[in-house]
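Q: Got a minute to look at this one with me? I'd like to go through the charged pairs, the strands and a serine.

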Amino acid sequence: MNKTKTCPHGHNYSADLPSCPFCPTKDSMSNLKTQIVGEDMEKTVVDSSQPRYSQTNKAPKNSDRTMIMDSSPSSPQAAQANSLRKLVGWLVSFDLAPEGRDFRIVVGRTRIGRNPNSDFIINSSGVSDDHAILLYRDNKLWIQDQLSTNGTFVNDELIEDKIRLKNHDIIRIGTTDLKLVLINPEE
């Protein structure tokens, strides 16, 4: 019977070997990256050339590179992805902190709620995990309640469907008032 060992990373390997053949050593991984070679895409080799840096944060068109990003909104990767989207305004509140707190609104969809995966996390009473969604598209900002327990209010009116927001609208989510400030308001 063949005896096996299990390394700290969960790889099973022959007990006759001094170390796990699947785990890289510190020396073998210094400044190396994986590169796919050939059209069959079945071979992987280690590229030991110097890393190439781009002068821009945007991926080139027709790029075949895959970017792996942490999905939590507080991660540096998510912050970088959000920073690549155009800034269109802010939601500002003095209910969350006496010195004020602001949330950047960017083009696309923005989730608001208690859920750690929300883009705007509001941990206050009356806020549901997935409370509301902001959508900025075609120079218009919309808000839609996500069937939250306590509802979403715009200028003290409960919204029942998605509505278009205007500059300086007051949005209430739970007990938190947020004032909308748009960069280029269409009124």
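A: Sure, let's take it topic by topic.

Q: What kind of model is it, and how many helices and strands does the protein have?
A: The model is predicted. There is 1 helix, along with 15 strands.

Q: What share of the residues counts as buried?
A: Of the 187 residues, 26% are in the buried class.

Q: And the exposed surface, how much is there and what do carbon and sulfur supply?
A: The protein exposes about 13,700 Å², and 49% of that comes from carbon and sulfur atoms.

Q: What about contacts between residues 24 or more positions apart?
A: Take the contacts with a separation of 6 or more: residues 24 or more positions apart make up 26% of them.

Q: OK, charged pairs. How many salt bridges are there?
A: The structure has 3 salt bridges. One of them joins the side chains of R111 and D119, with 3.7 Å from N to O.

Q: Are R111 and D119 buried or exposed?
A: In between. R111 has a relative accessible area of 29%, so it counts as partly exposed. D119 comes out at 27%, which means partly exposed as well.

Q: Which residues are linked in a network of salt bridges?
A: That would be D156, R172 and D177. The side chains of D156 and R172 meet at 2.5 Å, N to O.

Q: Where do D156 and R172 sit along the chain?
A: D156 is in the loop between β11 (152-154) and β12 (157-158), while R172 belongs to strand β14 (residues 170-173). They are 16 residues apart, and the pair links distant parts of the chain.

Q: And what does R172 do with D177?
A: Their side chains form a salt bridge too, at 3.5 Å from N to O. R172 therefore takes part in the network with both D156 and D177, and R172 itself is partly exposed at 24% relative accessible area.

Q: How accessible are the two aspartates, D156 and D177?
A: D156 is at 61% relative accessibility, and because the cut-off for exposed is over 50%, D156 counts as exposed. D177 has 34% and is partly exposed.

Q: Switching to strands: which ones form the open sheet, and in what order?
A: Five strands do, in the order β8-β7-β9-β10-β13, with mixed pairing. The edges are β8 (120-121) and β13 (163-164), each pairing on one side only.

Q: In what sense do β10 and β13 pair?
A: Antiparallel, over 2 bridges, with β10 covering residues 140-145.

Q: Which residue stands opposite R164 in β13?
A: W142 does.

Q: Now the serine. Where is S148, and is it buried or exposed?
A: S148 lies in the loop between β10 and β11. Its relative accessible area is 11%, and since buried means under 20%, S148 is buried.

Q: Which backbone nitrogen lies 3.0 Å from a polar atom of the S148 side chain?
A: The one of G151.

Q: Leaving aside neighbours within four places in sequence, what is S148 in contact with?
A: S128 and H131.

Notes:
Residues are numbered from 1 along each chain as its sequence is written. This is a predicted model: local features need pLDDT of at least 70, side-chain atom pairs count only at pLDDT 80 or more; totals for chains, interfaces and linings use all residues. Side-chain values use heavy atoms; hydrogens and water are left out. A salt bridge is a side-chain nitrogen of Lys or Arg within 4 Å of a carboxyl oxygen of Asp or Glu. Buried means under 20% relative accessible area, exposed over 50%, partly exposed in between (1.4 Å probe, protein chains only). Helices (H or I, at least four residues) and strands (E, at least two) are DSSP runs, numbered from the N terminus. Two strands pair if DSSP finds at least two bridges between them. Contact means heavy atoms within 4.5 Å. Accessible areas come from the Shrake-Rupley method with a 1.4 Å probe; for residues, only the protein chains shown count as cover. A polar contact is a pair of N or O atoms within 3.5 Å; within protein, one must be able to donate a hydrogen and the other to accept it, and residues adjacent in sequence count only if both atoms are side-chain atoms.
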